[in-house]
Amino acid sequence: MDTRSLGGSGLTVSSLGLGLAAVGRPGYLNLGHGTDLAGRREVEALEHHTHAMLDAAWEAGIRYFDAARSYGRAESFLANWLSTRGIEPEEITVGSKWGYRYTADWRVDAETHEIKDLSRGHLQSQYSESTGILGHYLKLYQIHSATGAVLEDHAVLEHLAQIRDQGVVVGLSVSGPQQSETIRQAIQVRVGAVRLFGSVQATWNLLEPSAGPALRAAHEAGMGVIVKEALANGRLTAREGSVAQALERWLPGTAPDAAALAAALARPWADVVLSGAATPDQLASNLASVETPVPGELPSIAEDPERYWSKRSSLTWT
Ligand SMILES: NC(=O)c1ccc[n+]([C@@H]2O[C@H](COP(=O)([O-])OP(=O)(O)OC[C@H]3O[C@@H](n4cnc5c(N)ncnc54)[C@H](OP(=O)(O)O)[C@@H]3O)[C@@H](O)[C@H]2O)c1
């Protein structure tokens, strides 16, 4: 697999990365998650499953791994895997995020799965937890679903600058119909006359490509760009019939998930596209995207962003 720089951040990433949101805790909101993890919901079984996914990803050449404090035990599963496999920090780029606290207590039917708190105090405590688990492997620390308000919170920005000055790249992820505005705002944030954010992680997929121009601007400004939700949480797979048919007409003979990921990989501003695979079979299918050439014209299946994000917020945890 091709490796490249994550923009001007100084970090190296593979073109496809692996996100751990679906495998660090028993519940998630992707469409078929309940079935994906059936029989593997105990901590030990889920860690074993996650390690098998990480082994397959490593074998395929994936070198960027994406976690968050709120992804259950994702950081610990990753740290244990890195240590048992003897992988050195220089061989890999690990990113994590702060801002949401995991509150489901390993239950799928929990009333609240995560609580958002983008205060400086929460940054301090979560950074200390993340570095306690990941140590020197932690190379990128991102605000989880940044808002316009946190990008104006001087206490948070100053603290992020201290983290940056210790050698950890500081980034942000964005979500929702306001992604483009937040990305453009983040490009302008400076602390000590230097741009604060080394990377941005955003949703871009064939149903919701509206952040494309803002992501291009971020890339041109020197930020690394990480694409998440390239499969629209499982909608750009064989699961949604009309979408799968459109993808089959666009790239005949290619599995819909590989076609959708290939479309994201072909964006010139995308440094790394995340696979959010929940099983080794899904990962194997996703990996075909790396070898899939893409025509210049994309299939016209984009939805109105407000409609897309309203469907996204109605997904249930399974
Ligand atoms: N705000 C944020 O910062 C944020 C938000 C979301 C995600 N992320 C990051 O982005 C990563 C990817 O996000 P995501 O998991 O939401 O993205 P996604 O790539 O849009 O969806 C992944 C899901 O698609 C389904 N899938 C994948 N391959 C398949 C196949 N071959 N056949 C059938 N279904 C298949 C699986 O779900 P089912 O089987 O359950 O349908 C899988 O969990 C996460 O792990 C996380 O690291 C960050």
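Of the 318 residues in this chain, 56% are buried, a word used here for under 20% relative accessible area with a 1.4 Å probe and protein chains only as cover. The model is predicted: local features need pLDDT of at least 70, side-chain atom pairs count only at pLDDT 80 or more, and totals for chains, interfaces and linings use all residues. Residues are numbered from 1 along each chain as its sequence is written, and side-chain values use heavy atoms, leaving out hydrogens and water.

Let's look at the overall fold. The chain holds eleven helices and 14 strands, which are DSSP runs (helices H or I, at least four residues; strands E, at least two). Its radius of gyration is close to the globule-rule value, so the chain is as compact as a globular protein of that length. That radius is taken over C-alpha atoms, and the rule is 2.2 Å times the number of residues to the power 0.38.

| Property of the chain | Value |
|---|---|
| Radius of gyration | 18 Å |
| Globule rule for 318 residues | 20 Å |
| C-alpha span along principal axes | about 50 × 45 × 40 Å |

Now for the inside. In soluble globular proteins, nonpolar side chains tend to be buried together. Here the largest nonpolar core (buried Ala, Val, Leu, Ile, Met, Phe, Trp, Tyr and Cys joined through side-chain atoms within 4.5 Å) has 89 residues, of which Ile143, Leu172, Ile183, Phe197 and Leu236 touch the most other members. Another core, of nine residues, lies apart from it and includes Leu11, Tyr64, Leu140 and Ile226.

Technical notes:
Buried means under 20% relative accessible area, exposed over 50%, partly exposed in between (1.4 Å probe, protein chains only).
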